[in-house]
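Trainee: Could you take me through one part of this model up close? I'd like to hear how a pair of helices pack together.

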Amino acid sequence: MPKATLMRRFRAAAALLVLVAGSLSGCSTSSAQETSVPPPKPLAPCAWWYGIGQPPTAKEIELAAKRYQVVVLNADQGAAMRRLHELNPRVKVLVYKDLSSTRNYPGAVDGGRDAAFLPSGIGYVAAQDAHPGWFAVDDRGRRIEWQGYPKHWQMTVWDPAYQQAWTDAVVAETTKEGWDGVLADNDFNSLSHYSPAVLAGTANVAETDRKLRDGLDAFLSKVGDAFTKAGKLLVPNVSETHLVPGRWTAHSRFGGAMEENFGFREDGGTGGLLTFRGNEFQELRAQAALGESLLLLVTRTRNAQQERAGYASAALLAGPRTCWTRATTDDYRDPEWSALQDSRLGEAVDAAGRLPNGVWTRTFTNGWVAVNTTAATQTVTPPEGLAEPGSPSAAVAEPPEPVSLEAADGLVLVRPPKPARAVGCAGAGSGPLVVACR
């Protein structure tokens with residue numbers, strides 16, 4: 001295993017232990033005093049764009065270069081990637097590739113041939129012709145097509161030959177085209193989200209899922225080592241890590257990870273926030289505090305409450321490489337932006353802390369956030385001198401009043417800008433005061 005990978009694992013584990021110890025003692029973490037390396041600045045969440053819905057326009061690319069720190073594009077958008085790098089060399093541009101499927105819809109297969117640039121690592125035609133055994137089959141020997149996603153076919157992610165072929169193809173393409181790395185989709189926890197099938201050779205759904213998870217664990221290690229050697233980022237879209245302790249940490253160690261259901265509400269939208277269940281939030285905090293890899297967070301928003309909860313939850317995790325976006329559609333067709341991303345919270349001055357009533361809070365140089373992760377309304381008192389973003393100074397309550405925060409809701413407050421002082425002004429007229437300023 002590469003030395004760099006071992007060091008990342010060690011530092012991630014150390015960061016997690018420090019955060020857990022701090023939360024148990026009720027104190028803020030003090031790792032900066034215990035190590036010789038100064039901690040990276042925990043800035044408010046950066047913005048990123050999951051731009052896989054449709055080819056971006058020239059105007060969208062220019063806007064993305066100004067707004068986003070990370071952009072994900074489809075493999076056939078190499079020209080857009082190069083334009084982004086030209087406009088802003090600091091933007092990380094990742095290519096979308098699916099780990100778990102091959103596809104034969106138009107665009108992936110045309111005229112009986114695989115496209116030059118694929119959404120997957122292995123082409124459908126190539127697999128059909130040379131490696132039909134790479135198509136996963138159910139207990140009746142039938143290939144598994146994902147429900148809701150026509151012409152997406154489950155592959156044998158546990159097969160070392162498939163793993164190696166996928167790795168070789170994607171590393172070569174990423175390096176040749178000049179991508180900064182890959183967004184590896186469908187590093188999933190359960191096949192049940194796509195199909196009720198039971199894999200051949202397994203007795204039930206639980207065994208099927210375990211075979212897939214074990215296969216993906218080995219797959220990520222193989223791909224990650226290869227990408228590390230190539231100097232590229234591997235960022236998998238990891239699902240349901242609250243169910244498997246340690247999975248986020250393990251799968252994010254080669255450049256980061258994506259949480260596509262960040263701030264998702266439990267019980268069909270009536271419970272608390274799922275992200276804070278199990279061990280997931282602690283693992284996300286450890287990665288964010290380390291500041292070496294990307295946290296790409298997506299909150300699916302259908303109303304202002306979901307938007308607030310998502311952004312404020314991301315702010316609880318704020319670090320040098322914590323990026324958040326909202327998704328108002330399921331197909332990611334257009335660049336997304338939230339007014340909260342213009343709130344200018346600044347830099348976090350403490351670690352996120354949890355109040356006895358279950359509300360999490362964090363203070364920034366120019367603001368403060370709170371998230372009620374529970375399934376019941378809770379009360380919290382903000383610091384003084386703050387108001388909702390965009391509010392005038394007159395909106396600040398002095399002293400601050402307690403706020404009732406609904407279940408699964410968030411609160412983002414900032415310090416209002418000071419009123420501009422008139423310079424070189426003179427009153428005129430005998431009626432209402434008229435002020436002329438230079």
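Mentor: Let's start with helix 3 and helix 4, which are oblique to each other in this predicted model. The label follows from the angle: the axes cross at roughly 45°, and angles under 35 degrees count as roughly parallel, so this pair falls outside that class. Helix 3 covers residues 58-67 and helix 4 covers residues 78-87, and their axes come within 9 Å. As for the hand, helix 3 passes helix 4 in a right-handed crossing.

Now look at who touches whom. From helix 3 you have Ile61, Glu62, Ala64 and Ala65, and they meet Ala80, Arg83, Leu84 and Leu87 of helix 4. Sort those contact residues by class and you get six nonpolar, two charged and no polar ones. Glu62 in helix 3 and Arg83 in helix 4 are both on the contact list, and Glu and Arg are among the residue types that count as charged.

For a second pair to set beside it, try helix 6 (residues 160-177) and helix 7 (residues 205-230). Their axes are 10 Å apart and the packing angle is about 30°, so helix 6 and helix 7 are roughly parallel to each other. The crossing of helix 6 and helix 7 is right-handed. On the helix 6 side, the contact includes Tyr162, Trp166, Val170 and Val171, while helix 7 brings residues including Ala218, Phe219, Val223 and Phe227. By class, the contact of helix 6 with helix 7 has 11 nonpolar residues, six polar and one charged. Lys222 of helix 7 is on that contact list, and Lys counts as charged.

Conventions
Residues are numbered from 1 along each chain as its sequence is written. This is a predicted model: local features need pLDDT of at least 70, side-chain atom pairs count only at pLDDT 80 or more; totals for chains, interfaces and linings use all residues. Side-chain values use heavy atoms; hydrogens and water are left out. Axes are lines fitted to C-alpha atoms, for helices over the stretch in contact, and angles run from 0 to 180 degrees between N-to-C directions. Helices (H or I, at least four residues) and strands (E, at least two) are DSSP runs, numbered from the N terminus. Angles under 35 degrees count as roughly parallel, over 145 as roughly antiparallel, 65 to 115 as roughly perpendicular and the rest as oblique. A crossing is left-handed if the near helix is turned anticlockwise from the far one by less than a right angle, and right-handed if clockwise. Contact means heavy atoms within 4.5 Å.
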